[in-house]
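Hi,

Here is the structure I said I'd pass on. Have a look at it first, then read my notes underneath.

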Amino acid sequence: MSSSTAPLARGGRLAALVVGLCWLAVLFDGLDMFIYGSVLPHMLAQKALGITPGQAGDLGSYATFGMLIGALTAGTVADRVGRKKLMVGCVTLFSLASGLCALSGTVAVFGLGRTLAGVGLGGLLPTAISMVTDYARGGRGALTIGALMTAHHAGGILSAYVAKWLVEPVGWRAAFWVCVVPLLFVPVLAKAMPESLSFLVAKGRTDEARHLAGRFRVELPAAPARKDPADRWAALVGLFRGGEWVQTLLYWLASFGGLLLVYGVATWLPTLMRGEGYNLGSALTFVVLFNLGGIVGMLVAGRASDRFGAPRISAVWFALTAAGVFLLSVHMPLALTYTVVFLTGVFLNSAQTMIYATVSIRSAPQSRATAVGWTSGMGRFGAVFGPWLGGQLLAAGNGDWGFTAFALAGVSSMVFIAIAALRASRQRTPAGGAPQELLTTG
């Protein structure tokens, strides 16, 4: 968010309240996102709902397709109803959808539940990021977003423990009932979360905005300038003008491979590790270590990028990710495997982030939001394809190729982002470039 729409002075108490509530919401988002991958080995072993490996991959893609819809519509809906109401609606939707999964008696009903959950998950994360950006204390926007993203990986860790403690003794449905618990958080979110000051001002609700600002002793943001729809299309067209189309496609392809890798591994890691001979308990421990690595990666990626450059870090990170993912196909001593999984989590979950940072830095100010948004949107098609690909490989009896396929996706992203960086280095960096920001991997 530009400085013209952010409060000039932000109260620490208000920032802590907003970040805390958003952190809990994103924690539940991560729990619901990762729970399917955590219970999938058990569901396949027990042939729950008659599920096959191919169908399991399809079901994983349903959730990510729902996330694509949720992410693409979140901005429009938030502009109409407000960010607070959208967050409440998203938490309600993915919680109820998990209840539908728990009650499902067929693969079709389960798939509907995962799709609806994906819509809620996809809408929540960008909205939460917008909220914490709006209220982050001066100069701490990137740090605040990085802290928020740790909640997503904390939810992944929680999903592994939920599966470990409940699935074997009680059954897979119990894990999805746990994902309904966030409904209890909805009234708290609705009562305690303040609406975005920027939204209130933009909608002309100045009295309400002044009351909220006075209550927390913060300054009102300036009213945002109205944008003509033609300006948005002009920004999109500008991404393809002259030789820019090559650069744009390189970023899109890198993002596609990156999110294929992120969501493919997130969905299939426990199942593939169990296929490598590890028991279910060890396979779920890998999920914990993978997400712990994600938390560490989110906290260090921005600093490394500030020092060495986002394009360079993104390319190196993808190379290290590909090496780590490929090594997981080799049966190593358990302690060494744990180390590789942790380091893979560090690099994998922040490599995609550095693509967004690269696009943000390399883009002209007037087209920056459009460039990052479309790079993220195109990448989400990779998020849909990744879980499906893993399922097809398992269904064809080629599960051993799963890690190799995901490693190749990492190599492709490394190549695309490296070529884009080399091309960009020959061009003059646009004036007025903003500092790199730590953005979501989704």
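Below is what came out for some helix pairs and for the cavities.

First, the basics. This is a predicted model, so local features need pLDDT of at least 70 and side-chain atom pairs count only at pLDDT 80 or more, while totals for chains, interfaces and linings use all residues. Residues are numbered from 1 along each chain as its sequence is written, and side-chain values use heavy atoms, with hydrogens and water left out.

**Helix pairs**

Helices here are DSSP runs (H or I, at least four residues), numbered from the N terminus. Axes are lines fitted to C-alpha atoms over the stretch in contact, and angles run from 0 to 180 degrees between N-to-C directions.

Start with α2 (residues 53-81) and α4 (residues 107-135): their axes come within 6 Å and cross at roughly 35°. The crossing of α2 past α4 is right-handed (the near helix is turned clockwise from the far one by less than a right angle; anticlockwise would be left-handed). Among the residues in contact (heavy atoms within 4.5 Å) are Q55, L59 and Y62 of α2 and F110, R114 and P126 of α4. By class, this contact of α2 with α4 has 11 nonpolar, 9 polar and 1 charged residues. For the classes, Ala, Val, Leu, Ile, Met, Phe, Trp, Tyr, Cys and Pro are nonpolar, Asp, Glu, Lys and Arg are charged, and the others, Gly among them, are polar.

α4 also packs with α3 (residues 83-103), at an angle of about 155° and with the axes 8 Å apart. That makes α3 and α4 roughly antiparallel (over 145 degrees). α3 passes α4 in a left-handed crossing, and their contact has 19 nonpolar, 5 polar and 3 charged residues.

Further along, α13 (residues 310-327) and α14 (residues 334-362) pack at about 150°, axes 7 Å apart, so they too are roughly antiparallel. Their crossing is left-handed, with 17 nonpolar, 7 polar and 1 charged residues in the contact.

**Cavities**

A cavity is a set of points on a 1 Å grid over the protein atoms alone where a 1.4 Å probe fits but cannot get out; lining residues have an atom within 4 Å of a point. How many cavities of 30 Å³ or more are there? The count comes to 2. The second largest holds about 70 Å³ (the space filled by probe spheres set on the points, which are joined across faces, edges and corners). Its lining includes M33, F34, G60, R114 and A266. α1 (12-46), α2 and α11 (244-275) each give two or more residues to that lining, and α1 gives the most, with 4.

Cheers

How values were computed:
1 Å grid on protein atoms, 1.4 Å probe; cavity = no way out; pocket = protein on both sides within 12 Å on 5 of 7 lines; lining within 4 Å. Parallel < 35°, antiparallel > 145°, perpendicular 65-115°, else oblique.
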